[in-house]
Amino acid sequence: MSLVRDRELMKPQPVKSAAVLAGLLLACLAAGALGSWATIPNVGTWYEGLAKPGFTPPNWVFTPVWTALYIAMAVAAWLVWRADPGAPEVRAALTAFFVQLVLNAAWSWAFFGLHSPLLGLIVILALIAAIVWTMRLFWLLSPLATALMVPYLAWVLYACALNGAILALN
């Protein structure tokens, strides 16, 4: 009985939980905004002039897809945090999450900001490894959080194929 009571005491308070979710949403959307600062000025200029494969989506697809993915990523991280705030496993999983989030933003700067599909490919391969690492750690704490990361991994794998094809064509 004491163990159940102790677990109840460990559950995050609703206000704190909402604040953490808001902070994670802000962090994910900020990573997207940071990446867009490198992307937007180059889409109609440098990127437009590149040879692209036939599986390149129209430019308008990227904003809604990324917005949905960033929201899902934030919810996934929040679910992991809620599993046991302060636990070493949670800290490790969230560290992995923030590493991949930094790499996510870094890809836009490598590919678009520096006009380097090669550097972009190197960064996106590191990003894929970091996402898989994050998902592995998330799985131990919240299978639902891991499931929320699956579309993100799928989209980044697609982006990697697109990046690789652009590198090969240019």
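1. Let's start with Phe97. In this predicted model, Phe97 has a relative accessibility of 0% and therefore counts as buried, the cut-off for that class being under 20%. Phe138 is buried too, with a relative accessible area of 0%. I'll come back to these two residues once the aromatic pairs have been introduced.

2. Now for the aromatic rings. How many aromatic pairs does the count come to? The total is 14 aromatic pairs. In one of them, the ring centres of Tyr47 and Phe111 are 6.3 Å apart and the planes meet at 65°, so this pair is edge-to-face, a label that asks for an angle over 60 degrees. Tyr47 belongs to the loop between helix H2 (14-43) and helix H3 (62-83), while Phe111 is part of helix H4 (residues 88-113), so the contact of the rings ties together parts of the chain 64 residues apart in sequence. Tyr47 and Phe111 are each buried.

3. Back to Phe97, as promised. Phe97 and Phe138 make an aromatic pair of the stacked kind, with 6.0 Å from centre to centre and 20° between the planes. Stacked requires planes under 30 degrees apart, so the angle of 20° fits that label. Phe97 sits in helix H4 and Phe138 in helix H5 (residues 117-141), and the pair links these distant parts of the chain across 41 residues. Please read this together with point 1, where Phe97 and Phe138 came out as buried.

4. Tyr47 deserves a second look. Along with Trp46, Trp107, Phe111 and Phe112, Tyr47 forms one aromatic cluster. The ring of Tyr47 also has a charge over it: the charged end of Lys52 lies 4.6 Å from the ring centre. In your viewer, Tyr47 is a handy place to see the edge-to-face partner Phe111 and the charge of Lys52.

5. A word on the overall fold. The protein chain has six helices and zero strands, giving the pattern α-α-α-α-α-α when read along the sequence. Its C-alpha trace spans about 65 × 25 × 20 Å along the principal axes. Among contacts with a separation of 6 or more, 81% join residues 24 or more positions apart.

6. Next, surface and charge. The protein chain has 170 residues, and 41% of them count as buried. Its accessible surface is about 9,100 Å², with 74% of that belonging to carbon and sulfur atoms. There are 8 positive and 5 negative side chains, and the centres of these two sets are 1 Å apart.

7. Helix H4 comes up again with two polar residues. Which residues does Asn104 touch, leaving aside those up to four places away in sequence? The answer is Trp66, Tyr70, Leu127 and Tyr152. Asn104 is in helix H4 and, with a relative accessible area of 5%, is buried. Ser108 also lies in helix H4 and is buried at 9%. With residues up to four places away set aside, Ser108 touches Gly35, Ala38, Thr39 and Gly113.

8. His115 merits a check of its backbone. It is not a glycine, yet it has a positive phi of about 55°. His115 is found in the loop between H4 and H5 and is partly exposed, with a relative accessible area of 38%. Computed along the chain, Asn104 and His115 are 11 residues apart, and their C-alpha atoms are separated by 16 Å.

9. Finally, two leucines. Is Leu26 buried or exposed? Leu26 has a relative accessible area of 61% and is therefore exposed, the cut-off being over 50%. Leu26 lies in helix H2, and its C-alpha atom is separated by 9.5 Å from that of Tyr70, 44 residues apart along the chain. Leu144, in helix H6 (residues 143-169), counts as exposed at 53% relative accessibility. From Leu144 to Asn170 there are 26 residues in sequence and 40 Å in space, C-alpha to C-alpha.

Definitions and conventions
Residues numbered from 1 in each chain as written. Predicted model: local features only at pLDDT ≥ 70, side-chain atom pairs only at ≥ 80, totals over all residues. Heavy atoms only, no water. Phe/Tyr/Trp six-rings, centres within 6.5 Å; stacked < 30°, edge-to-face > 60°. Helix = DSSP H or I, 4+ residues; strand = E, 2+ residues; numbered from the N terminus. Buried < 20%, exposed > 50% of the residue type's maximum accessible area, 1.4 Å probe, protein only. Lys NZ or Arg CZ within 6 Å of the ring centre and 35° of its normal. Contact = heavy atoms within 4.5 Å. Areas by Shrake-Rupley, 256 points an atom, 1.4 Å probe, with all protein chains shown as cover. Lys, Arg positive; Asp, Glu negative; His and termini not counted. Charge placed at Lys NZ, Arg CZ, Asp CG, Glu CD.
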